[in-house]
Every structure is written in structure tokens, then in C-alpha cells.
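I set out to look up where empty space is left in this structure and which residues border it. My entries follow in the order in which I consulted the model.

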Amino acid sequence: MPLPETIAIACGRLSARLRPAWGGRMTYLHHADYGDILAPATGEDFQPFNWPRAGAYPLFPYHNRLYGSSFVHAGIRHELSPHPALAPDAMHGPAHRRAWEISGLASDRAGLVLHYEADREWPFSFRAEQSFLLEDAGLTVDLSITNLADVPAPMALGWHPYLAAGFGCEARTDARLEYPLDPQNVPTGQAAVLRQTTVIPAATGYTEHYTGWSNAHVQFDGFSLLIEADPVFGHLAVHRMDSYLCLEPVSMAAGALGLPEAQREALGVRIVASGEHLSGRIRLSVGP
């Protein structure tokens, strides 16, 4: 199917736009009565390593910072290309920087697919899929990653929305646990500890990594947003700035890929057999 610059879908009062060539990014999610739900990506220039802090993008096959751009799998160390601005570290995996293809399109839904061939940014081939369905009261996002390598490979998946929520928007999550963080806001590998509040503070540069969650809630001016996800998304990465809030359902804890192999499974890193897949659903519900 041809790759148009922008895909537009709509249902009822909700509308969305996607740019397949911009790493499979949703650039716009808007409610006719309530306004922007995602901070809209308005530029015309996409820089893969300096991506816009707007819209929402997929996280395959890992997320957050990978120290030293390397990890060990099955006793073999794999050296990856670092992010140019964050060297010697890599960041967020390669899928959100690559051009995706359209796998399906209707008035209220769209499907995107990425056939990834192993290279210096990730050593195992995979197929990543996203599907988006708009309904009257919200958006459903389905994510899947299939191992196309001929050996078992570590994999994770997630979604990174920039919600159009300033400091005036109250945000909460029922996550029971939070991870101790290092100076780069990456979990240290120590056990998660009990949270003392449900509140997500309104503070510039605020970053936390949670687990044991089932929902997150944001109160906008005049409407509310509820985020829920399948159990595979056992972790929630949170980042807040004055003009946006990131609530990222992810299947692994940040930094887990860089830990010793024996520690990773408990932190959500899945070893997926050749030809097998990892998948899950995220639901955004919008209401008064």
C-alpha cells in the first residue's frame, strides 16, 4: 500500500492523524469539544534522533536508556550504535525512527507495520505492528512484536504519548510500587518500593518508573482521560514537563536490558522464540 504523508481517522467527536514515515507516530489526537488530548506535532521536518516532543510513538524492542549501548544475551555481548546526542548510550530502540508501512486503513482505524532487519541498532530481526481504533469514547492501541530472527531474542513493547496536560492538570495512578532511580532517572536494579501517594506531581523534569499499576487518570480542563493496559504492560514510565505529561505503558522496567540476564525476567524482559510474538492492548478513555 502506498505511504501517504499523513493518515487521518475519525469517529464521533474524536479525530487522529498518523505519520507512518515519522517512526509510526500518531501526531494528533483531538476531541471536537474538549480539544487536544496529545500535544500535537506541528512541524514538517522529522529528525529521527531529535524527535518531536509531541504526539505518541511506539517503543520496540526496548525503551529508555541503554547504558554503554550494549547488552549481553545468551552469554554474547551485543554492541549497538549509540544515540548521537547521548553517547555512549542508546535510547528507546530504533522502531520510532524508521519509516513504517500501512497494513490497513478505514475511516475509524489504521494499521501500521515495520519489518526490521537486524543492524547496528538492534541485532535481531523483528516485525512490529501497531493498530489504532477510534470509538466515540476513546482510542484503542494494539501493539505486537514478532521475532524474525532464527534464535530466541529479548523483546519488549510500549507506547510513548505526550499528553497535552500542563501543570494545571491533576494526574494520578494506582501504581503501588516505584523503582529507586540513578542520577539519569533510570531504575538502579534495586527492588521497587511502596509509593506513599497516588499523585503524579506537577514538577518540571519529574521522572518516575512505576510497577503494579492498572490505571492512570488525568483531569484536564473540562474532561478526564483514563489510561488502562493489558497485564503485559506491567510498568509505567512517567515524565512531566510544564507543557506535557508522558504516561508510557511498557512491558519492561527501564534499564532492565542492561542488567545481568538472571535479573531481567522479573523486570519484564521477555525472551521470545523464533516466530513467536509479544502483544498487548492499551486503552485511552475520554469523558466528562
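Entry 1, terms. I count as a cavity a set of grid points where a 1.4 Å probe fits but cannot get out, whereas a pocket is an open set. I note also that the model is a predicted one.

Entry 2, enclosed space. I searched the whole structure and found two cavities of 30 Å³ or more.

The largest cavity holds about 70 Å³ of space. I listed its lining as F49, Y62, L80, S81, P82, H83, A90, M91, G93, P94, R97 and E121. Sorted by class, that lining has seven nonpolar, three polar and two charged residues.

For the second largest cavity I recorded about 40 Å³ of space. Its lining consists of Y179, P187, G189, Q190, A253, A254, G255, A256, L259 and L267. Here the classes are seven nonpolar, three polar and no charged residues.

Entry 3, open space. I then turned to the largest pocket, in which about 490 Å³ of space lies. I find 25 residues in its lining, and N64, M91, H92, H160 and H239 lie nearest the centre of the pocket. M91 is thus a name I have entered for the lining of the largest cavity and for that of the largest pocket.

Which strands each supply at least two residues of this lining? I noted β15 (158-163), β19 (206-211), β22 (235-240) and β23 (245-250). The largest share, three residues, comes from β22. By class, I recorded twelve nonpolar, ten polar and three charged residues in the lining of the largest pocket.

Entry 4, the chain as a whole. I counted one helix and 25 strands in the chain. The radius of gyration is 18 Å, close to the 19 Å that the globule rule gives for 288 residues, so I enter the chain as being as compact as a globular protein of that length. Along the principal axes, the C-alpha atoms fill a box of roughly 55 × 50 × 30 Å.

Entry 5, burial, contacts and surface. I looked up burial and found that 52% of the 288 residues count as buried. Taking contacts in the chain between residues at least 6 apart in sequence, I noted that 63% join residues at least 24 apart. The accessible surface of the chain comes to about 11800 Å², and carbon and sulfur atoms account for 51% of that surface.

Technical notes: Residues numbered from 1 in each chain as written. Predicted model: local features only at pLDDT ≥ 70, side-chain atom pairs only at ≥ 80, totals over all residues. Heavy atoms only, no water. 1 Å grid on protein atoms, 1.4 Å probe; cavity = no way out; pocket = protein on both sides within 12 Å on 5 of 7 lines; lining within 4 Å. Points joined across faces, edges and corners; volume = space filled by probe spheres on them. Nonpolar A, V, L, I, M, F, W, Y, C, P; charged D, E, K, R; others polar. Helix = DSSP H or I, 4+ residues; strand = E, 2+ residues; numbered from the N terminus. Rg over C-alpha atoms; globule rule 2.2 N^0.38 Å. Buried < 20%, exposed > 50% of the residue type's maximum accessible area, 1.4 Å probe, protein only. Contact = heavy atoms within 4.5 Å. Areas by Shrake-Rupley, 256 points an atom, 1.4 Å probe, with all protein chains shown as cover.
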